[in-house]
Amino acid sequence: MDMDLSPKLANKLYGGAGGSYHAWSPDELPMLRQGNIGAGKLLLSKNGLALPRYSDSAKVAYVLQGSGVAGIVLPEKEEKVLEIKTGDTIALPFGVITWWYNKDDTELQVLFLGDTKTAHKAGSFTDFFLTGSNGIFTGFSTEFVCRAWDVDETTAKSLVGNQKDNGIIKVDAGAKMPEPNKDHRNGMALNCLEAPLDVDINGGGRVVVLNTKNLPLVGEVGLGADLVRLDGNAMCSPGFSCDSALQVTYIVRGSGRAQVVGVDGKRVLETTVKGGDLFIVPRFFVVSKIADNEGLEWFSIISTPNPIFTHMAGRTSAWKALSPEVLQASFNVTPEVEKTFRSKRMNSEIFFAPSK
């Protein structure tokens, strides 16, 4: 099974004074197309506004850096205005209209990962803008705009022609923007840096898993997600998704090494990963990572809302569940070697701290 699994960086698609939008190309990362997964990243400078748009794909948004405001309109619902900050995860089902605004000096960075099964292009998001030089108003004739929105011709022409930029603009410093409502975060966003930890291993690492229990909207999106923070020189146990899910991983910060083993025991990837990289682990392939000195942090989506993983090392290793006789025969080793193998990592979970 020949495939290119090497990590890739995003390419800039458009932008201006207010910021830019970047995406990963399925031509450069073929597993995006094969797995029907899209990936993009929004960067907003101070007073940058990502214009209202909807997408052909359900997504999970993760705030990589900075803080700002997000506007979200679910189908046939009122607008929710959320204050967002680093570590926030937001599930964005089909048909959602969103806008994003950065009011601070620090650049706001938002990662989007999602399912493109129903998208126009497999492996890519297509956004439809409500305003801007490529917004829906520009495609309709003046007559249709006038009749649909009950405005005169002068108003219609201003709606169509006044906004010269597309996708992202920079608003005036004194412009008044909607204030976020604290209540609007309920059920809409979960901060992975503040949420209860699902795994916390001293010297090893920490995990927060997003699923239908702590962020119910991921059920509508059809995706699960997790944030993993691996301590310096620690190792993440080799493991695989046992429910046929793809794992799409974005390296948030730090660096380290990754290996992926696939069909017939072949190592299909051995690489160094660093902040900004995106790579995909195919269904049932086994992946493991070792952090460099500064540690390694990654955010992943899994193509099922409640993922299940099987780990091959540690206290919960699948090996330890097998009978000693089966292991001995399978490895063709003596009982003593099998016993030594089984006795290791009895108290370790999925992260292994470096040897002292």
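**Exercise 1. The largest cavity**

Which strand supplies the largest share of the lining of the largest cavity?

Solution. The model examined here is a predicted one.

Step 1. Begin with the cavities themselves: the structure holds two of 30 Å³ or more. The volume of the largest cavity is about 170 Å³.

Step 2. List the lining. It consists of 17 residues, and those nearest the centre of the cavity are Ser55, Lys59, Leu92, Thr98 and Asp127.

Step 3. Assign the lining to strands. At least two lining residues come from β4 (48-55), and at least two come from β9 (97-101).

Step 4. Pick out the largest share. It belongs to β4, with four residues.

**Exercise 2. The largest pocket**

Find which strands line the largest pocket, and which of them gives the largest share.

Solution.

Step 1. Take the volume: the largest pocket holds about 490 Å³ of space.

Step 2. Take the lining, which is made up of 26 residues. Val207, Asp226, Phe309, His311 and Ile350 are the ones nearest the centre of the pocket.

Step 3. Sort by strand. At least two lining residues each are supplied by β15, β16 (224-230), β17 (235-241), β21 and β22 (309-311).

Step 4. Name the main contributor: β21 supplies five residues, the largest share of the pocket lining.

**Exercise 3. Two residues of strand β17**

Decide whether Ser237 and Gly239 are buried or exposed, and list what each touches beyond four places in sequence.

Solution.

Step 1. Locate the residues. Ser237 is part of strand β17, and Gly239 is in strand β17 as well.

Step 2. Apply the cut-off for burial, which is a relative accessible area under 20%. Ser237 has a relative accessibility of 1%, so this residue counts as buried. Gly239 is at 7%, and therefore is buried.

Step 3. List the contacts of Ser237. Leaving out residues up to four places away in sequence, Ser237 touches Val287, Ser288, His311, Met312, Ala313, Ile350 and Phe352.

Step 4. List the contacts of Gly239. With the same sequence neighbours left out, Gly239 touches Phe285, Val286, Val287, Thr310, His311 and Met312.

Step 5. Check one pair by distance. Gly239 and Phe285 are 46 residues apart along the chain, and their C-alpha atoms are separated by 8.1 Å.

**Exercise 4. Val60 and its surroundings**

State where Val60 lies, whether it is buried or exposed, and how far its C-alpha atom is from that of Thr106.

Solution.

Step 1. Place the residue: Val60 belongs to strand β5 (residues 58-65).

Step 2. Judge its exposure. The relative accessible area of Val60 is 1%, so Val60 is buried.

Step 3. Collect its contacts. Not counting residues up to four places away in sequence, Val60 touches Thr89, Ile90, Leu111, Phe112, Leu113, Val221, Leu223, Phe299 and Ile301.

Step 4. Give the distance. Val60 and Thr106 are 46 residues apart along the chain, with 22 Å between their C-alpha atoms.

**Exercise 5. Three loop residues**

Determine the loop and the exposure class of Asn36, Phe284 and Asn211.

Solution.

Step 1. Recall the general rule for phi. Most residues other than glycine have a negative phi.

Step 2. Compare Asn36 and Phe284 with the rule. Phi of Asn36 is positive, near 55°. Phi of Phe284 is positive too, near 70°.

Step 3. Place these two residues. Asn36 is in the loop between α1 (30-35) and β3 (37-44), while Phe284 is in the loop between β20 (278-281) and β21 (286-302).

Step 4. Classify them. Partly exposed covers the range between the 20% and 50% cut-offs. Asn36 has 22% relative accessibility, so it counts as partly exposed. Phe284 has 47%, and therefore also counts as partly exposed.

Step 5. Turn to Asn211, in the loop between β15 (205-210) and α5 (218-221). Its relative accessible area is 16%, so Asn211 is buried. Leaving out residues up to four places away in sequence, Asn211 touches Pro216, Val218, Pro305 and Asn306.

**Exercise 6. The whole chain**

How many helices and strands does the chain have, and what percentage of its residues count as buried?

Solution.

Step 1. Count the elements: there are eight helices and 23 strands.

Step 2. Take the burial: 48% of the 356 residues count as buried.

Step 3. Add the extent. The C-alpha atoms fill a box of roughly 90 × 40 × 35 Å along the principal axes.

Step 4. Add the contacts. Among those between residues at least 6 apart in sequence, 73% join residues at least 24 apart.

Conventions: Residues numbered from 1 in each chain as written. Predicted model: local features only at pLDDT ≥ 70, side-chain atom pairs only at ≥ 80, totals over all residues. Heavy atoms only, no water. Buried < 20%, exposed > 50% of the residue type's maximum accessible area, 1.4 Å probe, protein only. Contact = heavy atoms within 4.5 Å. 1 Å grid on protein atoms, 1.4 Å probe; cavity = no way out; pocket = protein on both sides within 12 Å on 5 of 7 lines; lining within 4 Å. Points joined across faces, edges and corners; volume = space filled by probe spheres on them.
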